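Please take a moment with the sequence and the model below, and then follow the path of the strands through the paragraphs that come after.

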Amino acid sequence: MLLASGLHAGYGAIPVLHDVSLRIGAGESVGILGHNGMGKTTLLRTLIGALPATSGTVHLGGIDITRYAPHARAKLGMAYVPQGREIFPTLSAMDNLRMGLVKTGERSLDAIDAILEHFPRLKPLLDRPGGSLSGGEQQLLALGRALAGKPTLLLLDEPTEGIQPSIIEEIAETLVSLRERMKLTIVLVEQNLEFIAAASQRVLVIKRGRIGEEIPREHLGDFEIMSQYTGVHA
């Protein structure tokens, strides 16, 4: 599904990613774990095309998309939920979801109804402005909006940031369900060890702009071992 080889990227004269390579199979959920400033967000922004790679390649479904703009990557099936969610605060929750249909050109609300089956918590909130929702509700709304475009690959940046524990658990369960029922491929950047273990099939560690260890699957539930890999604590 996604193949990145030898990626280098940064901001102006400041390099951030250094020869990053990763391979992610269709229907797989992969977590990327690391401290702040290690290159996690830069990697996602490079994969989605918001930040150009200075060298290296990105392939999606066998297509070289290294020089594709973000909207062209979206049309091929990539969706990105950035850190901070970036919902439209003055639009209703329903209109935020409708914005997710722009990529497909679909106008029927059947697609929205299908999305809401995965996010029942949003159903009574559809008429409320997006900015009036709680942080967790906004995250669910951002996820729903991304899925309205019917992506095959979903990139998530710190989805648990500033969210109450009950919704964190709900988001993890929803991501597992989406992967299993929709065969959705997920790349998840996160620092919450419990969440990333629950939502991912395997976890890669990024340090100083380089992909280092892969945490064995059998260790994902052992937060003491995971913290030894990363220095991050549950």
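Two strands count as paired if DSSP finds at least two bridges between them. In this predicted model, strand β4, made of residues 55-60, is joined to β5 by two bridges, and the two strands run antiparallel. One of the facing positions places histidine 59 opposite aspartate 64 in β5, while leucine 60 has isoleucine 63 as its bridge partner in β5. The hairpin that β4 and β5 form has two residues between the strands, and there glycine 61 takes a positive phi near 55°.

From this hairpin the view can be widened to the sheet. It is an open sheet of four strands in the order β2-β1-β4-β5, with antiparallel pairing. Strands β2 (14-24) and β5 stand at the edges with a single partner strand each, so one side of each is left without a neighbour in the sheet. Further in, β1 and β4 run antiparallel and are joined by five bridges, with histidine 8 standing opposite serine 55 in β4. Across β1 (2-11), β2 and β4 lies helix α1, formed by residues 40-48, which runs at about 115° to β1.

The last stop is again the edge strand β5, which covers residues 63-64 and so includes isoleucine 63. Isoleucine 63 counts as partly exposed because its relative accessibility is 35%, a value that falls between the 20% limit for buried and the 50% limit for exposed. Together with Tyr68 and Leu76, Ile63 makes a nonpolar surface patch of about 230 Å².

Definitions and conventions. Residues are numbered from 1 along each chain as its sequence is written. This is a predicted model: local features need pLDDT of at least 70, side-chain atom pairs count only at pLDDT 80 or more; totals for chains, interfaces and linings use all residues. Side-chain values use heavy atoms; hydrogens and water are left out. Patches are made of residues with over 30% relative accessible area and no salt bridge: like charges are joined within 9 Å, nonpolar side chains (Val, Leu, Ile, Met, Phe, Trp, Tyr) within 5 Å. Accessible areas come from the Shrake-Rupley method with a 1.4 Å probe; for residues, only the protein chains shown count as cover. A salt bridge is a side-chain nitrogen of Lys or Arg within 4 Å of a carboxyl oxygen of Asp or Glu. Buried means under 20% relative accessible area, exposed over 50%, partly exposed in between (1.4 Å probe, protein chains only). Contact means heavy atoms within 4.5 Å. Axes are lines fitted to C-alpha atoms, for helices over the stretch in contact, and angles run from 0 to 180 degrees between N-to-C directions.
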